[in-house]
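Q: Got a minute to walk through a model with me? I'd like a plain tour of it.

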Amino acid sequence: MKHTERELMAIKDEVSQMWRLVLSQLEKAKQAFLNNDINLAREIVSREKRVDTFELKIDSDCENYIALYNPVAVDLRLVLSLLRICNTLERIGDFADGIARHVVKENCSSFTKEITDELMIEKMFDTVILMLSDSYVALDSENTKLSGKILALDELVDDIYRQSVKVIANHIRQKPEETECGLNTMLVIRKIERIGDHCSNIVEEIVFYIDAKVLKHSKNEE
Amino acid sequence: MIEAKNVDFYYGDFHALKGISMKIENNTVTAFIGPSGCGKSTFLRLFNRMNDLIPDTRLTGECLINGQNIYDKAVDVTELRKNVGMVFQKPNPFPKTIFENIAFGLRVEGINDKNFIQQQVEESLKSAALWEEVKDKLKKSAFELSGGQQQRLCIARALAIKPDIILMDEPASALDPISTSKIEDLIHGLKENYTIVIVTHNMQQAARVSDKTGFFMLGKLVEYNDTKKMFLSPEKEETQNYITGRFG
């Protein structure tokens, strides 16, 4: 392996480490939310800084790589993808942090318990976690065969999100005293929905890197 | 338009170019890249018949400029070379003054009108982005110029005889980054009026100056594509391996 390839692989390895950290943050956010585990939520908040540190380091490494090695073709596509994936992972980390802060601040455990099943929040969490872990495998194995399946999962997340608006509205109508918890829970659901969108963006970056195809915004044009 | 149709070229028994076909549009910059000995300079030199000067060479296929096969017996090679100027790797000014370097080609053409020559010298030096630097020392020897200035003088000399096409064989490889940048800017500017074909070992230079890039390897044209496509998502794996430095 040439020196330039080794440098690029080192950045890819850093992104993988960041990815595992963000995945762990997201899994913990699910547990903390579903079990109203405040200690676990605090742990997520305290680990958020590590995600940010990864982002700064990878940003800087990508900038240096472009400046020093003038990458082209597959190398250029990889470094651009890694840069964008790293920024997206940081956003997902922010959402996990936001969900954890909701658990720490809001006292909505009874509301959550009552309505979680109907809202399919666990299913939503599991789906975005699957999207994030499958996209990790796709990049690691440099295989875009999984991309269609991952993008389809985002539609499932969107469906659950749309449904949950109705469920919460209905619940608030029946129990107006729980309006605040209802709205705050809606914000959490919105965060999970956005995580799904970000996972789709990551898949698009992987397809750009491996297949040199631009999927971005293609859904809107169809 | 420049066109090669199924061109094969031999140095004695050595088969240097293998079945190359390519079209180059007017007023574009086309870069040829590839490892040493891949045939890119040989291919470039076909278009002003510079290879005719090498003994024991053989060409099959057709090289056309504006539809005319330039290897037809009826073609006057001197006329062809007036239309297809060439700039070499090492600046090669004549051992004359700056002014005479440009005027020489015009005098060979039989032009003696002093005013006209004066005007052409100035125009050519301006086109080659050298006028401001030499306008006060036109009577000085061309050898007093820096390497980058000498190369721009050679470009001005090529422009003076009003060619349509300029072939450049690694025109900036012996120059420092500032002179290189001036030559590259010049190439961008000249595109408006000339068709430029450039051979370069510097891939970033190919990426910076050209509209289309041809990648040669072992005498074959592996890929010929828009430069943006070549450097972001080349179609052939050999191209990718070469431009990313994984070649060999």
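A: Sure, here is a chat through the two chains, one topic at a time.

Q: What kind of model is it, and what are its ipTM and pTM?
A: It's a predicted model. It scores ipTM 0.74 and pTM 0.83.

Q: And what pLDDT does chain B average?
A: Chain B averages 93, and 100% of its residues score at least 70.

Q: OK, chain A. How many helices and strands?
A: There are 8 helices and 0 strands in chain A. Reading from the N terminus, the elements go α-α-α-α-α-α-α-α.

Q: What radius of gyration does chain A have, and what would a compact globule have?
A: Chain A comes out at 19 Å, and a compact globule of 222 residues would be near 17 Å, so the two agree. Its C-alpha atoms fill a box of roughly 65 × 40 × 25 Å along the principal axes.

Q: How much of chain A is buried?
A: Of its 222 residues, 41% count as buried. As for contacts between residues at least 6 apart in the sequence of chain A, 80% join residues at least 24 apart.

Q: Let's pick one helix. How far does α6 of chain A reach?
A: Helix α6 of chain A covers residues 147–174, which is 28 residues, and it spans 41 Å from first C-alpha to last. At 1.5 Å a residue you'd expect 40 Å, so the span is close to that.

Q: Which residues of that α6(A) helix are buried?
A: The buried ones are A:S147, A:I150, A:L153, A:D154, A:V157, A:I160, A:S164, A:I168 and A:H171.

Q: Why would spacings of three or four places matter in a helix?
A: An α-helix has 3.6 residues a turn, so residues three or four places apart point the same way.

Q: And what do the buried residues of α6(A) pack against?
A: They pack against three helices of chain A: α4 (109–119), α5 (121–140) and α7 (179–211).

Q: Anything odd in the backbone? What's the phi of A:A212?
A: A:A212 has a positive phi of about 55°, although it isn't a glycine. Most residues other than glycine have a negative phi.

Q: Where does A:A212 sit?
A: In the loop between α7 and α8 (218–221) of chain A. A:A212 has 16 other C-beta atoms within 10 Å, so it counts as partly exposed.

Q: Switching to chain B. How many helices and strands there?
A: Chain B has 10 helices and 10 strands.

Q: How does the radius of gyration of chain B sit with a compact globule?
A: It agrees, because chain B has 18 Å and a compact globule of 248 residues would be near 18 Å. The C-alpha atoms of chain B fill a box of roughly 55 × 45 × 30 Å along the principal axes.

Q: What share of chain B is buried?
A: 42% of the 248 residues. Among contacts in chain B between residues at least 6 apart in sequence, 67% join residues at least 24 apart.

Q: What's the strand order in the open sheet of 4 strands?
A: The order is β2-β1-β4-β5 in chain B, with antiparallel pairing. β2 (14–24) and β5 (68–69) stand at the edges with a single partner strand each, so one side of each has no neighbour in the sheet.

Q: How many bridges join β1 and β2 of chain B?
A: Strand β1 (residues 2–11) pairs with β2(B) over 7 bridges, in the antiparallel sense. B:Y10, for one, has B:H15 in β2(B) as its bridge partner.

Q: What's in the turn between β1(B) and β2(B)?
A: The two strands form a hairpin with 2 residues between them, and B:G12 in the turn has a positive phi of about 60°.

Q: And at the other end, how many bridges between β4 and β5 of chain B?
A: Strand β4 (residues 57–65) pairs with β5(B) over 2 bridges, again antiparallel. B:I65 stands opposite B:Q68 in β5(B).

Q: What about B:N27, what phi does it have?
A: B:N27 has a positive phi of about 55° and is not a glycine. Its place is in the loop between β2 and β3 (29–33) of chain B. B:N27 counts as partly exposed, because it has 13 C-beta neighbours inside 10 Å.

Q: Last topic, the interface. How many residues of each chain are in contact?
A: 10 residues of chain A are in contact with 11 residues of chain B. On the chain A side, helix α3 (residues 73–105) gives the largest share, 5 residues. The residues on that side divide into 5 nonpolar, 2 polar and 3 charged.

Conventions. Residues are numbered from 1 along each chain as its sequence is written. Chains are lettered from A and ligands numbered from 1 in the order in which they are written. This is a predicted model: local features need pLDDT of at least 70, side-chain atom pairs count only at pLDDT 80 or more; totals for chains, interfaces and linings use all residues. Two residues are in contact if their C-beta atoms, placed from the backbone, lie within 7 Å. Ala, Val, Leu, Ile, Met, Phe, Trp, Tyr, Cys and Pro count as nonpolar, Asp, Glu, Lys and Arg as charged, and the others, Gly among them, as polar. The radius of gyration is taken over C-alpha atoms; the globule rule is 2.2 Å times the number of residues to the power 0.38. A residue is buried if 20 or more other C-beta atoms lie within 10 Å of its own, exposed if 12 or fewer, and partly exposed in between; C-beta atoms are placed from the backbone. Two strands pair if DSSP finds at least two bridges between them. pLDDT is the predictor's confidence in each residue, from 0 to 100.
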